[in-house]
Amino acid sequence: MTSSTLPAGAAHATPSATADAALEKRTYAKVFWRLVPFLMLCYVVAYLDRVNVGFAKLQMGQDLGFSETVFGLGAGIFFLGYFLFEVPSNLLLNRVGARIWIARIMITWGLLSACFMFVKTPTSFYILRFLLGVAEAGFYPGVILYLTHWYPAHRRARIIAVFMSAIPVAGIFGNPLSGWIMDSFHGAASLSGWQWMFIIEAVPAVIVGVMVLVYLDNGIAQARWLNAAEKALLQREVARDAEHGAKGPHSVAGVFRDVRIWWMALIYFAFVMGQYALTFWLPTLVKATGVKGNLHIGLLSAIPFVCAIVAMNLFGRSADRRQERRWHLIVPALMGAIGFTVAASYTQNTAVSLAFLSLAAAGVLTCAPLFWSLPTAFLSGTAAAAGIAAINSVGNLAGFVSPYLIGYLKDLTGSTQIGMYVLAAALVLGAIGVWLTPKQLVNR
């Protein structure tokens, strides 16, 4: 077909449309490679310092005489500090900018993480875990908020899934690293292996925190690595997306009056129950199948996280391509429930237990990034800062409940089986909550 046979104007529209598409593709590629790998690095460091207490427990409990309940309470009390300071922290980030506030968060939590080498009693353990939660409050919801300043809703599930791949990456590299440090450094300078682990793994948080001050931009307007056309495209896309936020609350007070915010928080609570039980207790669950040696436990504990990376990114791409959010959350939640249920029934069989813990990891870790495409579909502006933080802080109270509950039930029954059944039930309830959410509210 020649240009003379095309509809009027089509011959001229096609090159323009092609140029616009090329600009859009190039611009989002630049944004991705500039921001996402670096933010992933920040989150790998954050998550490692948050959950490495699960590995320290393998030696720490014996050295200090901590019961499973003491450990579970200490692991979970982090989230009480996190809960209390989450919303104020995110509002401050929105006011002073991501660069300064994320750097502050990382440097303070790195210093506090190193202080765990001085823990001697349950009280000192509880205090430091609480303060670590206060220091880290605002980091994760702050990054989610920051990404909404660069990406419209129809691109967000895939980007958040890539960013949150940092959780399984932290498990893949962090678990073997923690095991190796604890075995290799045990006794050096009269310190236990778990003390060395806290010291060594705290250093990257401080270093990367300083890097944030140099590397990160507060928003599109400050990005010197973008040209004028690229900035205009991004600002236009984000502004158009913000118009949809008109159906959400417009003030901080409005956020707390909006029943949808609390509905989202309850759904997220159910998913976080599974996420933190997995990340805190996975080394213990693997050890319970008969595996010996901290390094071997660490290597086997990495396998479920490899499966999670694959699932997170497949589901994230599919959700954005189809612009469908609910079933892309329901399916992984049910995968997690099945994984926990079967793994709990085969605790003495390493292969079967590990296979279904991998299914559970793929499910529960996929739920976290895909969940955020729900509330960010109807939140924008200051309401987004407060809403994301409120949902995250309430949801993350499950990070207090689930480790403590698993530890308490294990002390009570001598097994993690009942606790894993409770986690499976929580994931099913979360899936039901997503199913009851109106699709017209979130599917875009």
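Biologist: Leaving aside its neighbours within four places in sequence, which residues is Ala333 in contact with?

Modeller: Happy to start there, with one reminder that this is a predicted model. Ala333 makes contact with Phe271, Cys367, Leu427 and Ala431, once neighbours within four places in sequence are set aside. The residue itself sits in helix H14, which spans residues 327–345. Its relative accessibility is 0%, so Ala333 counts as buried.

Biologist: And how far is Ala333 from Gly293?

Modeller: Their C-alpha atoms are separated by 32 Å, with the two positions 40 residues apart along the chain. For another pair, take Ser415 and Ala288: they are 127 residues apart along the chain, and their C-alpha atoms are separated by 9.5 Å.

Biologist: Where does Ser415 lie?

Modeller: Ser415 belongs to the loop that links helix H17 (398–413) to helix H18 (417–436). It counts as partly exposed because its relative accessibility is 26%, and partly exposed is the class between 20% and 50%. Beyond residues up to four places away in sequence, Ser415 touches Leu409 and Lys410.

Biologist: Let's turn to the interior. How should I read a nonpolar core?

Modeller: The general idea is that nonpolar side chains tend to be buried together in soluble globular proteins. Here, the largest nonpolar core has 152 residues, and those with the most contacts inside it are Tyr43, Trp109, Phe139 and Trp150. Helix H1 (residues 10–51) gives the most to this core, contributing 16 residues.

Biologist: What is Tyr43 in contact with, leaving aside its neighbours within four places in sequence?

Modeller: The partners of Tyr43 are Arg50, Phe139, Tyr140, Phe163, Met164, Ala166 and Ile167. Two names on that list are worth following: Arg50 also turns up beside Glu136, and Ile167 is touched by Gln275.

Biologist: Glu136 carries a charged side chain. Is Glu136 buried or exposed?

Modeller: Glu136 counts as buried, because its relative accessibility is 0%. You will find Glu136 in helix H5, residues 122–136. Setting aside sequence neighbours within four places, its contacts are Ala46, Arg50, Phe78, Tyr82, Ile105 and Trp109. Trp109 is also one of the residues with the most contacts inside the largest nonpolar core.

Biologist: And Gln275, which helix is it found in, and what does it touch?

Modeller: Gln275 is part of helix H12, residues 259–288. It counts as buried because its relative accessibility is 2%. Not counting residues up to four places away in sequence, Gln275 touches Tyr47, Ile167, Val364, Leu365 and Ala368.

Biologist: While we are on H12, at what angle do helix H2 and H12 pack?

Modeller: Helix H2 (residues 53–64) packs against H12 at about 45°, and the axes are 6 Å apart. That angle makes H2 oblique to H12. On the H2 side, the contact is made by Val53, Gly54, Phe55, Lys57 and Leu58, while H12 supplies Phe280, Trp281, Pro283, Thr284 and Lys287. By type, the residues of this contact divide into six nonpolar, two polar and two charged.

Biologist: How many disulfides does the structure hold?

Modeller: The structure holds zero disulfides. A disulfide needs two cysteine sulfur atoms within 2.5 Å. For Cys307, the closest cysteine sulfur is 16 Å away, in Cys367, which is too far for a bond. Cys307 is partly exposed, with a relative accessible area of 32%, whereas Cys367 is buried at 0%. You may recall Cys367 as one of the contacts of Ala333.

Biologist: Last topic: backbone angles. How do I read a positive phi?

Modeller: The general idea is that most residues other than glycine have a negative phi. In this structure, Ala189 has a positive phi of about 55° although it is not a glycine. Ser190, which is not a glycine either, has a positive phi of about 60°.

Biologist: Where is the place of Ala189, and is Ala189 buried or exposed?

Modeller: Ala189 is in the loop between helix H8 (166–184) and helix H9 (193–215), and Ser190 lies in the loop between H8 and H9 too. Ala189 is exposed, with a relative accessible area of 63%. Ser190 counts as exposed because its relative accessibility is 72%.

Key. Residues numbered from 1 in each chain as written. Predicted model: local features only at pLDDT ≥ 70, side-chain atom pairs only at ≥ 80, totals over all residues. Heavy atoms only, no water. Core = buried A, V, L, I, M, F, W, Y, C linked by side-chain atoms within 4.5 Å. Buried < 20%, exposed > 50% of the residue type's maximum accessible area, 1.4 Å probe, protein only. Helix = DSSP H or I, 4+ residues; strand = E, 2+ residues; numbered from the N terminus. Contact = heavy atoms within 4.5 Å. Axes fitted to C-alpha atoms, helices over the stretch in contact; angles between N-to-C directions. Parallel < 35°, antiparallel > 145°, perpendicular 65-115°, else oblique. Nonpolar A, V, L, I, M, F, W, Y, C, P; charged D, E, K, R; others polar.
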